[in-house]
Amino acid sequence: MLGHQSDCHCDFIILLYNQSSGVRIKDKLISMENGNVSRSLDGCGSQFPEQIFILSGQSNMSGRGGVQTKHHSDGSTFREWDHVVPAECHYEKGKIWCLNAKLDWVEAHEPLHHDIDLGKVCGLGPGLVFAASLLQHGKTVDQSAPTIGLVPCAIGGTQIKEWEKGSKLYERMIHRAKCATAKSGTIKAILWYQGESDTYSPHNVKEFPERLESLFTNIRQDLENDALPIIQVGITAKDHPHPEYLEEVRQAQRALKMQGVYYVDANGLPLLGDDIHLNTHAQVQLGKWLADTYLDSVQSCH
């Protein structure tokens, strides 16, 4: 289940506050933006997520799958998510949680980044499919699966320099990652998908390789895990105005030689009409590829 709808018109909430971490845990039900009601973890009794995954980068990680451009009667346009949630996103209730903007663990549902990537219309991303695929694998292996916690951090339209150590985006990502494990659980990997915004400037392209390596190094240092697995997604676009810049960034991603950094290529996946954002089908496929990479290359080495 993806979180359930309720006829309840009020919230019954108990707030528990962990002063050392700043993490708030809500019990019972909390209202979601779309009118649905989602369960949240009870700090007194429920099991906190055991395996934590950080989702970061820019718009294709936060998700634009299913986002459509529509027209007002006056001819102006607006963007809207179609609310289509593929079967690959479904999971056993209570098994996948998401750290929301208020640092509450709530049941994961699409769009995962709706309260993180503000000012944008978020749709389907790869994160929930990734987590659901891991759960399915766990069931086929030993009929049990761990609880998974997803920590959305991606912000659309961002260049890699905006993720430098000390920047607002970087420090918030590290803070959210630490809060996610303050009670229990272990960060198992970071899923990183970014680079499209750097393909329009020769200066950004030139600086990209060094900035990418520095970013991953700093993340590992600040999370105190020099071997933290990072799975990065190779960017893609169609009819790019500077295809040579696009290819240089892709080459920098592929050429990065860091132990424990893995590469999944999105090139060739179907895009929306804007020729840069993955559509719903592509996000489902990417989520599966990320899960396969984690299971085959990351988990097998740890």
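**Helix 4 and its surroundings in the predicted model**

The axes of helix 4 and helix 5 approach within 9 Å and cross at roughly 5°. Angles under 35 degrees count as roughly parallel, and helix 4 and helix 5 are therefore roughly parallel to each other. Two packed helices are described by the angle between their axes and the distance between the axes. On the helix 4 side, the residues that meet helix 5 are Pro 202, Val 205, Phe 208, Pro 209 and Leu 212. Their counterparts in helix 5 are Tyr 245, Glu 248, Val 249, Ala 252 and Gln 253. The model described here is predicted.

The protein contains 6 helices and 12 strands. Of its 302 residues, 53% count as buried. The accessible surface amounts to about 13,700 Å², and carbon and sulfur atoms contribute 49% of this area. Among the contacts with a separation of 6 or more, 71% link residues 24 or more positions apart in the protein.

Helix 4 comprises 21 residues, numbered 202-222. At 1.5 Å a residue, a span of 30 Å is expected for helix 4, and the end C-alpha atoms are 30 Å apart, so the two values agree. Helix 4 nevertheless bends by about 45° at Phe 208, with a proline, Pro 209, following within four residues. Phe 208 and Pro 209 are also among the helix 4 residues that meet helix 5.

The buried residues of helix 4 are Asn 204, Val 205, Phe 208, Leu 212, Leu 215, Phe 216, Asn 218, Ile 219, Arg 220 and Asp 222. Both helices and strands receive this buried set: its packing partners are helix 3 (168-180) and helix 5 (243-255), together with strand 10 (186-193), strand 11 (230-234) and strand 12 (261-265). Just after helix 4, Glu 224 adopts a positive phi of about 55°.

Backbone geometry was also examined elsewhere in the chain. Most residues other than glycine have a negative phi, and most peptide bonds are trans. Leu 103, a residue other than glycine, has a positive phi near 70°. Leu 103 lies in the loop between strand 7 (96-99) and strand 8. With a relative accessibility of 11%, Leu 103 counts as buried, because buried means under 20% relative accessible area. Asp 275 likewise is not a glycine, yet its phi is positive, at about 65°. Asp 275 is located in the loop between strand 12 and helix 6 (280-298), and its relative accessible area of 22% makes Asp 275 partly exposed.

A cis peptide bond joins Glu 110 to Pro 111, with omega near -5°. Pro 111 belongs to the loop between strand 8 (105-107) and helix 2 (127-142).

In strand 5 (residues 67-71), attention was given to Gln 68. Gln 68 is partly exposed, with a relative accessible area of 35%. When residues up to four places away in sequence are not counted, Gln 68 touches Phe 78, Arg 79, Glu 80 and Asp 82. Of these partners, Asp 82 is 14 residues from Gln 68 in sequence, and the C-alpha atoms of Gln 68 and Asp 82 are 6.9 Å apart in space.

Terms used. Residues are numbered from 1 along each chain as its sequence is written. This is a predicted model: local features need pLDDT of at least 70, side-chain atom pairs count only at pLDDT 80 or more; totals for chains, interfaces and linings use all residues. Side-chain values use heavy atoms; hydrogens and water are left out. Helices (H or I, at least four residues) and strands (E, at least two) are DSSP runs, numbered from the N terminus. The expected span of a helix is 1.5 Å times one less than its number of residues. The bend at a residue is the angle between axes fitted to the seven residues ending there and the seven starting there. Buried means under 20% relative accessible area, exposed over 50%, partly exposed in between (1.4 Å probe, protein chains only). Contact means heavy atoms within 4.5 Å. Accessible areas come from the Shrake-Rupley method with a 1.4 Å probe; for residues, only the protein chains shown count as cover. Axes are lines fitted to C-alpha atoms, for helices over the stretch in contact, and angles run from 0 to 180 degrees between N-to-C directions. Angles under 35 degrees count as roughly parallel, over 145 as roughly antiparallel, 65 to 115 as roughly perpendicular and the rest as oblique.
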